[in-house]
Amino acid sequence: MVEQGLVSEEVFSFWLNRDPDAEEGGEIVFGGVDPKHFKGKHTYVPVTKKGYWQFELGDILIGNQSTGVCEGGCAAIVDSGTSLLAGPTPVVTEINHAIGGEGVVSAECKLVVSQYGDLIWDLLVSGLLPEKVCQQIGLCAFNGAEYVSTGIKTVVEKENVSAGDSAVCSACEMAVVWVQNQLKQKQTKEKVLSYINELCDSLPNPMGESIIDCDRIPTMPNVSFTIGDKIFNLSPEQYILKTGEGIAEVCISGFMAFDLPPPRGPLWILGDVFMGVYHTVFDSGKLRIGFAEAA
């Protein structure tokens, strides 16, 4: 379009209307932006990797509390083809726990916490690198390229041994992430292990989604993302999706678990839940992405 002189700017922009009763569902503009669809100025961040329009998140907060997961960097993309807001299972589980999400209870998760929680804590406190903790305990082995299960058997693995082995290794790795985050908050071991045991109950179901009690929406915390030098808030009304009416009404968390393996992952995907709140500009000419409050 630019080469043919059909548009003057190397930019395209999205406005998604989250009102299900509106006649107009949204708008994509090629070659610029529609000033009717945003308020104030856009906050721009550079594209760190082409292809997915990848950029860097500064922080992720639940309420006003930092999760601490982005201290080593958090890669993110904005994607109109993803309905929800997707991220790594450990952090999404923490978010869904904070907002009262109910996922499938993971027996492997509770097993790891009860049997190895103290040891995970002690190893992290002693200074062992987080990525080596589960290998040290013996729940994961390193095959030269990635961590794999060692084949330890548990009661829940009788029907599907390989899946169970993998789940125990994954549960250990999640527990390490959670303990590491809580250590930064300077909580006691007992409080941390109790909290992590609760997180096991909030693990998303196999499709990655979690159900929410609709009556709890007014008391839920904001979930926020730091992009550039600005905090972008999502209120409960904005990150909860409602389907059905009356007694058939169901509320779904807008946060779903999605674990993209390295080297492309881990990756956060800010889908329609985010783009519906924030008008998004993709600037191909300057290789940057901009966000402003949608109007």
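Me: What makes up the one aromatic cluster here?

Reply: Phe 55, Phe 225, Phe 232, Trp 268, Phe 274, Tyr 278 and Phe 291 form it. The model is predicted, so local features need pLDDT of at least 70 and side-chain atom pairs count only at pLDDT 80 or more, while totals for chains, interfaces and linings use all residues. Residues are numbered from 1 along each chain as its sequence is written, and side-chain values use heavy atoms, with hydrogens and water left out.

Me: How many aromatic pairs does the rule count?

Reply: The count is 15. Rings of Phe, Tyr and Trp (its six-membered ring) pair if their centres lie within 6.5 Å; planes under 30 degrees apart are stacked, over 60 edge-to-face, and the rest tilted.

Me: Why is the pair of Phe 55 and Phe 291 called tilted?

Reply: The centres are 5.7 Å apart and the planes meet at 50°. That angle is neither under 30 nor over 60 degrees, so the pair is tilted. Phe 55 lies in strand S4 (residues 55-57) and Phe 291 in strand S19 (residues 288-294), so the pair ties together parts 236 residues apart in sequence. Strands (E, at least two residues) and helices (H or I, at least four) are DSSP runs, numbered from the N terminus.

Me: What makes Phe 274 and Phe 291 edge-to-face?

Reply: Their planes are 85° apart, with 5.6 Å centre to centre. The angle is over 60 degrees, so the label follows. Phe 274 lies in helix H7 (residues 272-275). Both Phe 274 and Phe 291 are buried.

Me: How do you know that Arg 288 lies over the face of Tyr 44?

Reply: Arg 288 is 3.7 Å from the ring centre. The rule asks for NZ of Lys or CZ of Arg within 6 Å of the centre and within 35 degrees of the ring normal. Lys 230 also has its charged end over a ring, that of Phe 232, at 5.4 Å from the centre.

Me: Why is Phe 30 called partly exposed?

Reply: Its relative accessibility is 45%. Buried means under 20% relative accessible area, exposed over 50%, and partly exposed in between (1.4 Å probe, protein chains only), so Phe 30 falls in between. Phe 30 is found in strand S2 (residues 26-30).

Me: What makes strand S7 mostly covered?

Reply: In S7 (residues 74-78), 5 of its 5 residues are buried. Cys 74, Ala 76 and Val 78 are on one side, Ala 75 and Ile 77 on the other.

Me: How do you know that S7 pairs with strand S17?

Reply: Pairing needs at least two DSSP bridges. S7 and S17 (residues 268-270) have 3, in the parallel sense. Ala 76 stands opposite Trp 268 in S17.
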